[in-house]
Amino acid sequence: MAETNAAPAPAAAAAEEEDCSSRKMVVVVGVDDSDHSYSALEWAVRHVAAAADAELVVVHGKPSASSVVTFGSPGAGDVVRFVEADLRKRAEDVVDKARRLCIANSVHGLIEVIEDEPRYVLCNAVEKHGADLLVVGSHGYGAIKRAFLGSVSDYCTHHALCSVMIVKQNKPKK
Amino acid sequence: MWLIEAVIARHDAGLTTDSERVAMEEERAAAAVASGVPPAGAGGAEASRVTAGATTMKVVAAVDAGEESLRALSWALDHVVRQNPGASVVVVHAQHRAEHFVYPVAAHGLAYAPPMAVDSMKKTQEENARRVVSRALEVCAQRQVTAKAAVVEGDPKEAICQAVEDMHADLLVLGSRGLGMIKRALLGSVSDYLAHHASCPVLIVKPPKAHAKGTGSST
C-alpha cells in the first residue's frame, strides 16, 4: 500500500508525547467523498477549533483500482488506468475540501491519504497517532446493507482503541 | 418517564455552538468570521431551555449501575462538553418494567407475583435508579456542569433511543460495555444498537488502555 502524505499543514506539531494530563488531545477523522463524512469532519473541526489544545488528523482511505476493477476481461488494462486516474482525482478533491474547511476555521490539521481499506486505515491511524478520539460519519445503512456492503463505522466502533464518535445527519427536528 | 430535576450548578459562558455552525456553512466567506469566536455573552443560563437545541448542545448520557458508564460520562464531560460551555446534560437510566413480574411455579405453571412482591420490586428498582442517577449527577457536579436526570422504562435499547428522540438530543454518550460485561466483546449490545439507531450523533467512550502502545493483549 502506497502512503502519500498530502499537505501537512505548517506547524502541525507532530504529537507531543508527554505522558501527563497536559498532553494534547488527538482527534482523528475519517473522510471519503460522501456527505456524511463531511459532516463528521465539520463536527471534528468545530470541536477541535473550540478546544484549541487539540490536534486534528484527517485520514482518507483511498480505494485502489484493483479493488474496483476485476481483471479477466479484454481491455481491462486500459480501464485500470482510467479508474486509477479517476480515483486519484477523487482523493485529491477530498483532501482539497478538507484542507479548505480546516483553513476556514483556522484549524491546523494533518491530512493523510493512505491506499488501503478505509476500516484498516482508520484504526491504524488511531494507533499511529495515539488518538484519543476517532470521528466517523455514518451512512445510515440498515442491517442488511451493512452485512453485505460492510460498514466502516461499525468496524471502527468495535475495533478502534480509542473512543469513537459517530456523526449522523440529524433527522429533521419536529 | 419521570424527571428528577437536580440543577446542580449554573454555568455561565458565552460560547454558543450555533454561531460556529453557521459560520462553517459559509466557509467560502471570510475565514475571519469563523475563526474569531469571541465569548459573545449571549449564552448565559440557557441550559434550562428544553426545546430548540439550536443554540446549546444537548447531551444525553446513558448510565447504568456499572462503573463503565460513569467513566464514559466523565471522559465525555472532560473532553467534549468542556468545549461547549453552554451545553446541557441529561443523564438517562433505563430499567425494565417491574409490573409484570412472573415467576415459575411447579413444573408447568406461572404465577403472577403477589402485589406485595411487585411493590417491593418497584421500590427496589426506584432505589436503584435513584442511586445510579445520583452518582451520575455527582460526576457532573464535580465538573460544574448543569445536569438533569431522567429514568425511562422498558427495554433499555429502545427506551434510550426513544428518549433521545423525545429530548431532541444533539449528542448521545455511551460506554462501550455495560452490565453484561463479556470480556471478549468490545462493544455491548445496547451500545451497538444505539450506535446504529439513535437519531443523533453518538459518542462511544472506551476505557483507556495504557495508551495503546503495544498493549496487544485483548481484554
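Q: Quick one: when do two strands pair?
A: Two strands pair if DSSP finds at least two bridges between them. Strands themselves are DSSP runs (E, at least two residues) and helices are too (H or I, at least four), numbered from the N terminus.

Q: OK, and what kind of model is this?
A: This is a predicted model, where local features need pLDDT of at least 70 and side-chain atom pairs count only at pLDDT 80 or more, while totals for chains, interfaces and linings use all residues. Residues are numbered from 1 along each chain as its sequence is written, chains are lettered from A and ligands numbered from 1 in the order in which they are written, and side-chain values use heavy atoms, leaving out hydrogens and water.

Q: How many bridges join β5(A) to β6(A)?
A: 5 bridges, and the two strands run parallel. Val135(A) in that pairing stands opposite Met165(A).

Q: What about β2(A), how many bridges to β5(A)?
A: 3, again with the strands running parallel. There, Val29(A) has Val135(A) as its bridge partner.

Q: Are the residues of β5(A) buried or exposed?
A: Buried, 5 of 5. Buried means under 20% relative accessible area, exposed over 50%, partly exposed in between (1.4 Å probe, protein chains only). Leu133(A), Val135(A) and Gly137(A) are on one side, with Leu134(A) and Val136(A) on the other.

Q: Why two sides?
A: Because side chains in a regular strand alternate between the two faces of the sheet.

Q: Switching topic: why does Ser138(A) count as buried?
A: Because its relative accessibility is 15%. Ser138(A) sits in the loop between β5 and α5 of chain A.
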